[in-house]
Structure formats: structure tokens, C-alpha cells
Amino acid sequence: METKHISLTSPSMPAVLIQDFPLDFEALNLEARFLFIPFVCVVGFGIGCVFLCFFFINGLCLLLGVAPRRGFRRRRGAVAGGAGPAAGRGALPALAGAGGAGAAPAAHTHSPSPPGRAPSGTPALGSRAGRAAGTMSTGMRYKSKLVNPEEKQDHEKQYVGFATLPNQVHRKSVKKGFDFTLMVAGESGLGKSTLVNSLFLTDLYKDRKLLNAEERINQTVEIVKHTVDIEEKGVKLKLTIVDTPGFGDAVNNTECWKPITDYIDQQFEQYFRDESGLNRKNIQDNRVHCCLYFISPFGHGLRPVDVEFMKALHEKVNIVPLIAKADCLIPSEIRKLKERIREEIDKFGIKVYQFPECDSDEDEEFKQQDRELKESAPFAVIGSNTVVEAKGQRVRGRLYPWGIVEVENQAHCDFVKLRNMLIRTHMHDLKDVTCDVHYENYRAQCIQQMTSKLTQDNRIESPIPILPLPTPDTETEKLIKMKDEELRRMQEMLQKMQQQMQDQ
Amino acid sequence: MVAMAPGDAADGGWAAVTPEHGSSLEPEECSMEPSAMPEEEMPPSVAPSPAGCQLFGYVGIEAVLDQMKIKTMKTGFEFNIMVVGQSGLGKSTMVNTLFKSKVSRKASQPSQEERIPKTVQLQSVTHVIEEKGVKMKLTVTDTPGFGDQINNENCWDPIIKYINEQYERYLREEILITRKRKIPDTRVHGCVYFIPPTGHWLRPLDLEFMRRLSKIVNVVPVIAKADTLTLEERAEFKQQIQADLKTHAISVYPQEDFDQDPDDRVLNDRIREKIPFAVVGADQEHQVNGKRVLGRKTKWGIIEVENPAHCEFPLLRDLLIRSHLQDLKDITHNVHYESYRVRRLNESNRPALSPLNGLPGKAEGSSDL
């Protein structure tokens, strides 16, 4: 037998190896034998390791694919707490849905899949699974050092981080502070000042002078502003109360609401100018956000002056009607009066401020509160500047020979509802409606008027019809720019002076 | 509840030279005043005055009081009251509570809904109520629509016109040649004006109304729905109202100028301190301490209408009915009606230079007042 030299390094090796590989060991050289066996062992071992690793990783991936689905069976209700966490967790269920749909065909055991995601057909499966796998791989990259795959950390793997946005907004607003302008209107003697003091627990009217007899005969409607800065738990509120003394007091009250509508329009106009100006950094927002209108409890419903006032103002400001001095009415009378007023508001087509609908996924308790709030409009309120002793406690109330009226007792009056609505739950909504609805209406009207006026003027000058908005020439533009600069400088100076005065 | 004093115009006593004595104190304290004219008899209990003479026995003069009482009980009384105020101040309820029966306008038109009329209307409702054999023909005049409009200028004109019409009617009857024995009296004896309980001051409308009307009729101001004022607020409000009335020289009932003697003055001063009365009206009964009382039931207590610690309704009732009813009528007859008559007769006199002969023809040349 001829021994064939099998050189492992020969170029023709592969072909020879495949075809002519001797299967008997004896034919091989001793050295080859020694080299061959370890080589085979090493290669086999390496391949085995590779396969093992592969399987191990796959298994791990499968495990991870199952875990997120299990974690997000949490109730949405418990999640809807503050704004921050809700937004963050809102992002996660979306991913969970994708992950869940991806893993759904794999394991059919879980039942409550998020609504709308369950009927995902298999055609979409591939993309979703791919997406899930993709996120999972990024998650893995992110948490490659993880030793303990718990549930909480599993869904942090899908955490992008914009859930903290509401917190950032919150922090900035707290620093900047809020402002709120409230107008109170109604005849004298209906308890407006007392109610405002009770609402904000301050004494805004301590140095109010009541007019004497002669001054009263010729009294006209005035607009008086009181501004106060209130701070509570680090949140600053700049509260402006616009009072309207003299409204409805004269013998002839024709158009007694005109000064009030003029004032509101003025504030809108000022804001409009500021907004259209060149320097918009320090715009002062003096627009009236809410108007509390006091209805006298002594009538049988709305009086003609009430109807006319509300009709003149319902397109300009949020009107919240209140029944003043409700301690002169017994409960059946209050019910009748409220019904009567609601009917008349509908009959005359007055658009009072409507509370926004609450979301359908809120708690039952919240929805119940909201319903109660809507049913008790208009609120029957009682105000008090004095603190009296009732059942061993000191409460805000009024002391009568026949009993004590507690202002903050829900069974006695609707003061608590009004305060919660105005301050605790709907203040921001009131501001939004003012900005989005009333101000925009005013602005649209204003612009329409301006354009129609311009077309009219132009038609007078030349018989040829021109474009509705001719561009102003450069000179006037320059003038406008200069004036805006001046205004801005003056505003800054004023603010500096105000700051100095406050510091003193 | 009989006011026993000579003052009723039943026997045409208006033509007598002696001034009428409208003393309307409590029934027990009825006194005949010594007048300037020496014809009046003096009761034996009065201290000897220079013009009279001593009686040395019982004559029986005081029996004339009994005769008068019997007569007035047979003929009955008439009382006309007007209630004025904005809608919803409880005028009808107050009238019902005062006379403890359903005498208001709303009681006689129960099906009508509450609607504010566009102009001031005047609606009179007449009832005859009887107590202990004494009959009273009570007329309540209501004024819906007063002060409810946006422009309330001259909303008092229909009321002034109505009052003057009643005077005119009486005057016509009076100057007839053959007069009736008892002229039907529709003149307004008292006008109750309801002030809304603002707690601050009198409004221009209130001042204007009271100024004009206190000259032609007895005005009794009251604070309506006073259960909305605490006791301190009530006291402050009253002080402010009294100051306002003084500043504008408005004289409400009881007027200071018509106090006839020191006793009257003391009594009326006490009343004047409390004017205007803070009243609460109620027509429902509730159980308090085992008794049924008229009141309003709220979540924090029951307001008893007849409890002087709660509100001043008893004082108003006493003033209007128990003590000063006859006085109201007398002042209406002697003061307000007389001034109207003088005005009217002067007016109709001026075009003709001859003195008035009491002919009806002259009076019919009338000019509007």
C-alpha cells in the first residue's frame, strides 16, 4: 500500500479532503493522528458552545417578550392620577399593546388585552413583532447589565422620558405665578364684597367709603379694580377684582351696563394691540376671565335689568350667575328660584359659562361630583366676614337669634361648590375659554371691522376696486416700529419702578 | 279690637268748628281732650280748669262712649291700605299675615303666574273681616310692576294719580247738595312701603317715592325680608335710613307735626326710634316647643314671625291695627284730604273771581293734579 502524504496545507486540500479522506486512522501518520483528534474536539466544542449560546439568548428573549404583557394589565383608573405619571404611563400601554399583540399568538393565556388591540390580525403581526423585538433589543442594549428582570424594570425598558413634561411645566408656572381677573356685578347690597372676602380669605375692602346721600343721587356706574397678591404653598396668584359700584342703583338704569362692556372691550383691545405689536415679551393680561353676576333673591326670577345685562355680556366674558344672600330663602324656595332662573336663562338665550364635560374614563365619584355641580347652578351663596362659634367650633358664619348660618356647610348654601369650581377645579378652564373663545371672537370682529373700514375708505378715494388689505407704506411702518420701541422701553421702566416700590 | 274715639265721619262732624280729636291710644286709655273751645264737656276726673265747673254728682256723661261704641259696631269700619314695593319683597304674604286671612291680590287670583308687568298697575281687593262682632271692610291695593323695570322714572305717577282720584271721589260726594249719610270712604289711609334689605342705605328710587308720597298719604316704611340681616346689621341699616330720611326731610308716619299732646309725643317717639320696622312674613305654621307658630323653617332654625326677639312684625301689626288705625284714618281725613281739598278748590277758584258757593258746577271745571 502506498502511503499518501496528506498535507493539511496543500492547496488542493479541500477537494482531496472531501473526496479522498481516508477514514481509517491507521492510514494516517502518527503526527496527523495526534493533531487530528484535538482539532476535531476543539471544533466540536466550539460549535456546541455557539449553539448553546444561541439557544440561551433566544430563550431569554422569549422570556422578555412575555413579561411586559403581564405587567400592563394594570387598571387605567388607578393610573389616571396626576398629569405627570398619566402621560408617562400613557406612552407605555401603547408599547405594551404592540408587545402584547406581538406575543399574543405565542401564548394565548392572558385575557384582558387593551381594547382595540386584541383584534390585530396576523398580517400586521410581523411588523409589530419586529417593532417589539426592535424595542426590546434597544431595551436590552440599555439594560445590558441587568441581573434581575423584575416587572417594574421591564417596562422602564420602554421609557422614553417625556412623561416628565407636565412636571417641568408645573415647575415653570410655579416660578412665574398665575394671574386671574374676576369681575363682580350686581345691585348694591347683595353681598358682593363680603363674598369676595370670603372666597379668597382676605379683606380687600377695608378702606371702602360708603357714599353719603347727596353723592348717591347722582351716582353713575364706576369700575374699580383691587389687586392683591396671594401666595399659598409656594404658588403665587395675582388676583384682580373688578368691582362695579353703582350698577342698577339709579332710578333710570338704561344702559347701566355700558361702562362694563366698554371696560371689557378695552382690555381686549389692549391685549390685541400688545399681541400685534413688535415686542411681545412683557404682555400684561388684564382680560376679565370670569364675571360673577349676583341675582337678587327677593324677586321671583330674573329681573329685566338682569336679563339685559347678561345678554349684553354673554359673548364677551364667562358669566357665572349666583343667587346672593341665600339665607333669606327656605330650601323649597331656593329650589323653585333656581328652576325659574334656569328656565328664564334658556328662554332668553343667555349663554352662561358651561362646565366642561368630564372624560368618560374618570371615576364614578368624580362624575357624580360633576353632575351635582351642574345641577346646582346657579349657586345660592352666602358670604360672611365674621367668625362665629357653632357647636364648639369656630366657623365663618352669620349669627341670628334663631340660629347660626355656616358659610362652609354644604347643607346651608352652595358657597363651597362655588369656591371649588372657581378656584380649585375650573380656574384654568375659565382662562382658557376667555382666551380661546371670547378673545378670539373679539379679535375676529375687530379685524373684520378694520378691513371693512379700509375697503370703505378706499372706495371713497378711487372708483376702482382695490384689494381689501393694502399694505402700508414704508414710512408708516417705520413710525410704527419707532413707537413700538418707545412703548417697550417705557414698559420696562415701569416694571423696574414697580419692582423698586415693592422692594421698599 | 275697637278703637273708641270720635273721629268717624259718620255724622258729618267735619263741618263742625271744633277740631277733631283723633286720639287713638289703647282702648283702655281713651280720653277726651279739653279743647280751646269752651263748649266741650269735661269729664269729672280731670283737674279743675278755669273754664269748667265742678260736678257734684254722677251725671252719666261718660255713657256717650258706650253709645258711640254701639253705633260704630253697627256701622262698621273701613280701612284702606296700599302696599308698594318691588316684586318679590313679600308684600302679599305680609298682608295675609297681618290680617290672618287671605286678603291679598294673589289669594284672589291663585292661578296666575308671577310675571312682571310692563307698567305699574294698581289692583284693589276688598274683603269684609269680622272679629268679636266688629266688622271691618278692608281694601288692599297692590302695585305690581313698581320699581321692576330698567327705567323706573315716574313709576310713582300711577300711584299718585290713584290716591288723588280717591280724594277727588270723596270731594265730589262731599260737595253735593244732598249728601249721603255715610260717604263711602275709599281714600288710602296708609301706604306701607317695602324697602329691600340691602343693609347699606336707601336707594334713589326709595327716596324719590317716599318724598313725593309722604306729602299726600301716610307712608309707613318697613324693611322687607329682614331675616337676611343680623341684629347688628339691622340696627346699622335703620340708623342709616333714619339719617337719610332726615337729610331729605321726608316725614313718614307717625309724623312729628301731628303729635297732639305730650303723651302722644312720648308714645310716638318710641315708635319713631324703631322706624322702619324689620319684618318677616310667613304663611306656614310650624311646631315650636309644642306650639304652632307662624314661621319660616330653614336648615339652621325656625324664624318665628310673632316673636319680638326675631323680627318686628308684632310692632307693625300693633301700629297698623291695634293702636294707630284710627289715627291713620284721622290724619288722612284731617290733614291730607284737607290739603288736597284746599288745592283743588283754589285751582278751580282761580279762573272765576267770585268766591266758591259750594256749587258742583264750579268743582267740575277740573284740572288734573
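Trainee: How many residues does each chain bring to the contact between chain A and chain B?

Mentor: Chain A puts in 43 residues and chain B 48, with contact meaning heavy atoms within 4.5 Å. This is a predicted model, where local features need pLDDT of at least 70, side-chain atom pairs count only at pLDDT 80 or more, and totals for chains, interfaces and linings use all residues. Side-chain values use heavy atoms, leaving out hydrogens and water.

Trainee: And what area is buried between the two chains?

Mentor: Buried area is the accessible area (1.4 Å probe) that two parts lose on being put together, summed over both. Here that comes to about 4,000 Å², with 59% given by carbon and sulfur atoms.

Trainee: Which residue forms a salt bridge with A:Glu333?

Mentor: A salt bridge needs a side-chain nitrogen of Lys or Arg within 4 Å of a carboxyl oxygen of Asp or Glu. There are two between chain A and chain B. In one of them, B:Arg296 partners A:Glu333, with the closest N and O atoms 2.9 Å apart.

Trainee: Which element gives the most to the chain A side?

Mentor: Helices (H or I, at least four residues) and strands (E, at least two) are DSSP runs, numbered from the N terminus. Among the elements giving two or more residues are α9 (213-217) and α12 (331-348) of chain A; α9(A) gives the most, with four residues.

Trainee: How are the strands ordered in the open sheet of chain A?

Mentor: Strands pair if DSSP finds at least two bridges between them. The three run β7-β8-β9, with antiparallel pairing. β7 (387-390) and β9 of chain A are at the edges with a single partner strand each, so one side of each has no neighbour in the sheet. β7(A) and β8(A) pair over four bridges, and A:Glu389 has A:Arg394 in β8(A) as its bridge partner.

How values were computed. Residues numbered from 1 in each chain as written. Chains lettered and ligands numbered in written order.
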